[in-house]
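Trainee: Please take one part of this protein and look at it closely. I would like the nonpolar core, and then how the rest fits around the picture.

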Amino acid sequence: YVSSSSVCFDDLTFINGNAVGTNNGGAIHGEGSQIEISNCSFSNNTAHRGGAFYFSSSCVVDMNLVNICNNSASDYGGGFYINGAHVTLTNCLISNNHAPRGGGIMMIYGNLWVESNTWTLNSAVTSGGSIYAYQADVNIYDSTIADNSAPEGGGFYADTAADLYVYYTDFNDSSYFCSDDSHVALLCCIYPAWICGDLLFNDDCLPISNDVMTMGQLKQLYR
């Protein structure tokens, strides 16, 4: 449990952590802190919310070269539960995580920047196999989101006033969902042909674009 602190984790393995009962964050629970995690592995951790991680209260989190695999939550966020935190994931693997909602990540408020990640084989019982975003800003760059599953939004589920911007990313999932007041933009992405149709977007979502932008320009606009 990290509260109002600055801490770094490097070259560590977190396995079989269990936040018992209705406690959150099977491996790390952070509030109001600055947290750096690199060259670490998180697997087989469980919690009520955030099987591996629970970040809230304006935490600032930076992860690089981290594997988050086979974690689970009984409520939300098999890998992550983020509430009002600012999280950056670079060169990370998020795989085989599971929860009723947000198999890979449950994002409420706050900001998520994903760069050069692989999100695969995450699953949810109801919605958001890979990512469930609610009133949050999610930016995904140069990543792969493939073979995730859920009855609604296996790839991503953009709920109430979520903004999701995806750039140079390869999609290969069975379904995607965008609510009426959310906004989604796919820029220079690879995706199945049907993704342009009614199975993905409603009229309020941003159009798919082939505009060419640098990573720095994208961060400046959307982060």
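Mentor: A nonpolar core here is a set of buried Ala, Val, Leu, Ile, Met, Phe, Trp, Tyr and Cys residues joined through side-chain atoms within 4.5 Å. Keep in mind that this is a predicted model. The largest such core has 44 residues. Those with the most contacts inside it are Ile37, Phe42, Phe53, Phe55, Met63, Phe80 and Leu89.

Take Leu89. Set aside its neighbours within four places in sequence. Leu89 is then in contact with Met63 and Phe80, both also listed among the core residues with the most contacts. Leu89 further touches Ile94, Leu112, Trp113, Val114, Glu115, Asn117 and Trp119.

Now the setting. The protein has 223 residues, and 55% of them count as buried. One helix and 25 strands make up its list of elements. Contacts reach far along the chain: of those between residues at least 6 apart in sequence, 73% join residues at least 24 apart. On the outside, about 9000 Å² is exposed, with carbon and sulfur atoms supplying 46% of that area.

One sheet deserves a look as well. It is open, has four strands and runs in the order β6-β9-β13-β17, with parallel pairing. Its edge strands are β6 (46-49) and β17 (123-127), and each pairs on one side only. Neighbouring strands in this sheet are turned by 10° against each other on average, direction ignored. Strand β13, residues 98-101, pairs with β17 in the parallel sense over three bridges. There, Ala99 stands opposite Ala124 of β17.

How values were computed
Residues numbered from 1 in each chain as written. Predicted model: local features only at pLDDT ≥ 70, side-chain atom pairs only at ≥ 80, totals over all residues. Heavy atoms only, no water. Buried < 20%, exposed > 50% of the residue type's maximum accessible area, 1.4 Å probe, protein only. Contact = heavy atoms within 4.5 Å. Helix = DSSP H or I, 4+ residues; strand = E, 2+ residues; numbered from the N terminus. Areas by Shrake-Rupley, 256 points an atom, 1.4 Å probe, with all protein chains shown as cover. Pairing = 2+ DSSP bridges. Axes fitted to C-alpha atoms, helices over the stretch in contact; angles between N-to-C directions.
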